[in-house]
Amino acid sequence: MNVLTLMVDEMSWWALGHMRDGVQTPNIDRLAARGMRFDAAYTPSPICVPARASVATGVYVHQTRNWSSAEPYDGQMRGWAHAVRDAGHDVVSIGKLHYRRQEDDYGFQETLEPIHVLNGQGWVQALLRDQIVPFEGTDDMAREIGPGRTDYHDFDRRVTRAACDWLSRPERRAKPWAAFVSWLAPHFPLVAPPADYALYDAKAFESEAEPVPGHPGVAELEDYFDHDRYFTPETRGIARASYFGLCTFVDRQVGKVLDALDAAGLTENTLILFTSDHGEMLGEKGLWTKSVMYDSSVRVPLIMAGPDVEPVSWNAPVSLIDLAPTICGALGVNGDWPGVDLRTPDADRAVLSEYHDGGCTGGITMLRWDSYKLVYYAGRAPQLFDLAADPEELTDLSISHPILLADGMGRLRALIDPEVINDQCFADQAKRIAALGGADAVRAIPQFGFTPANSR
């Protein structure tokens, strides 16, 4: 058995053709048709760096303590790649990692076309959470839209070529292997290749601004990531058409890699996992990008296909921390993982997501169990949703359903103490600020909206 993990960036659960009419993602849809779809899959954090550290290590953010965009994974905590390599299998990463720097040992024998955080530091303004520095340049989300070309497109094509080449080598048939292939699309800037953009009618996506929910924790993040006020109905439509164009673009990259796997004669003995590191709000509730705990931000596509995988939908909650035990389990590699092997998932389970990054003055923790979602804000009132009755998360039940809220809080505290975690995070981030020269030095470091495609 081999394992091929395919990860895209900032694709929400609804951004595929089998989940939303009109989205053209035929290659991923075919994978879903022959595989197992996890329709309640959640990221460990709705922001790149902490989420990817958790995927690498198979544990939650409060366990990695890679809290924010300025605290990247450095390989010191062993992950699934270390375990696979130590078992004697080939293991490669191709594409975006968003770890600290290339010199660290992340367990891979080969690292092709990597992207890591900028300057080994990342987005350091994320650390200043008790003295928030205004986020500059939030107009770029509305400005860089429409048909065109970006360095991100070029990078993703290089990733595809490198992955196809790696799979075509004769040695792929000699011994079991694990490959982690990771693209940038559909992460903003929302500029799509012209042919992909042309598949979508921007006017059909036009809308007035949606009202931002009144919860103070959500309002705080919206005020910080203040993208929507720069949009007009017309540019909202262009941005959304661009996003779906990018989904089609990256679907084509996925298709080429799946074709290369097939051409190499490896499909029949390879477990394939497809997912995204987090989602994208795309103007829903007046919010763009990620960071919040609404499903468009925190819920991700997750598909598993391969030998002995039945084509079914699994509706109970799962987490991206489950990738580690699934990869290792398929390769016969032992490990002590808190997640579950997705080949034998657990129907009676709660999963977590955490946010300790820019724009929030207190940690935010999500618990998903059954059809319910609890969002706990350190120092603020919680939110509670029944996703079966209210899939758009419009009705907060935290006051009207005290028994249900108490049940959710009990489940959360059985897993973690969110206030203790919040204090630990602020203490770690204070040390990180000091190591960077203090708050004034952090403020002086130039801000940026997204990691450059050449960041190593």
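Which helix lies across strand 14, strand 15, strand 16 and strand 17? The legends below start with that view, and every panel shows a predicted model.

**Figure 1. Helix 12 lies across four strands.** The answer to the opening question is helix 12, made of residues 402-415. Helix 12 lies across strand 14, strand 15 (364-369), strand 16 and strand 17. Relative to strand 15, helix 12 runs at about 110°.

**Figure 2. An open antiparallel sheet of four strands.** Here is the sheet itself, with its strands in the order 14-15-16-17 and antiparallel pairing. Strand 14 (350-355) and strand 17 (383-386) are the edge strands; each has a single partner strand, so one side of each is left without a neighbour in the sheet. On average, and with direction ignored, neighbouring strands of this sheet are turned by 15° against each other. As a reminder, strands of a sheet pair through backbone hydrogen bonds, either parallel or antiparallel.

**Figure 3. Strand 16 meets strand 17.** Zooming in on one pair, strand 16 (residues 372-377) and strand 17 run antiparallel and are joined by four bridges. To find your bearings, look for Val375, whose bridge partner in strand 17 is Gln383.

**Figure 4. Asp156, a buried acid without a salt bridge.** Asp156 sits in helix 6, which spans residues 151-168. How far away is the nearest side chain of opposite charge? That side chain belongs to Arg158 and is 8.4 Å away; Asp156 is buried yet has no salt bridge. Leaving aside residues up to four places away in sequence, Asp156 touches Trp183, Leu184, Ala185, Phe249 and Gln253.

**Figure 5. Three salt-bridged pairs in their surroundings.** Side chains of opposite charge can pair when their charged atoms come close. Arg229 and Asp226 form a salt bridge, with their closest N and O atoms 2.4 Å apart. Arg229 is exposed at 58% relative accessibility, whereas Asp226 is buried at 15%. Asp139 and Arg143 also join their side chains in a salt bridge, at 2.9 Å from N to O; Asp139 is partly exposed, with 29% relative accessibility. In the salt bridge between Lys203 and Glu206, the N to O distance is 3.9 Å. Lys203 is exposed, with a relative accessible area of 61%, and Glu206 is partly exposed at 32% relative accessibility.

**Figure 6. A network of salt bridges.** Which residues make up the network in this last view? Asp9, Arg52, Lys96 and Asp277 are linked in it through salt bridges. For the wider picture, the salt-bridge count comes to 35.

Notes: Residues numbered from 1 in each chain as written. Predicted model: local features only at pLDDT ≥ 70, side-chain atom pairs only at ≥ 80, totals over all residues. Heavy atoms only, no water. Pairing = 2+ DSSP bridges. Helix = DSSP H or I, 4+ residues; strand = E, 2+ residues; numbered from the N terminus. Axes fitted to C-alpha atoms, helices over the stretch in contact; angles between N-to-C directions. Contact = heavy atoms within 4.5 Å. Buried < 20%, exposed > 50% of the residue type's maximum accessible area, 1.4 Å probe, protein only. Lys, Arg positive; Asp, Glu negative; His and termini not counted. Salt bridge = Lys/Arg side-chain N within 4 Å of Asp/Glu carboxyl O.
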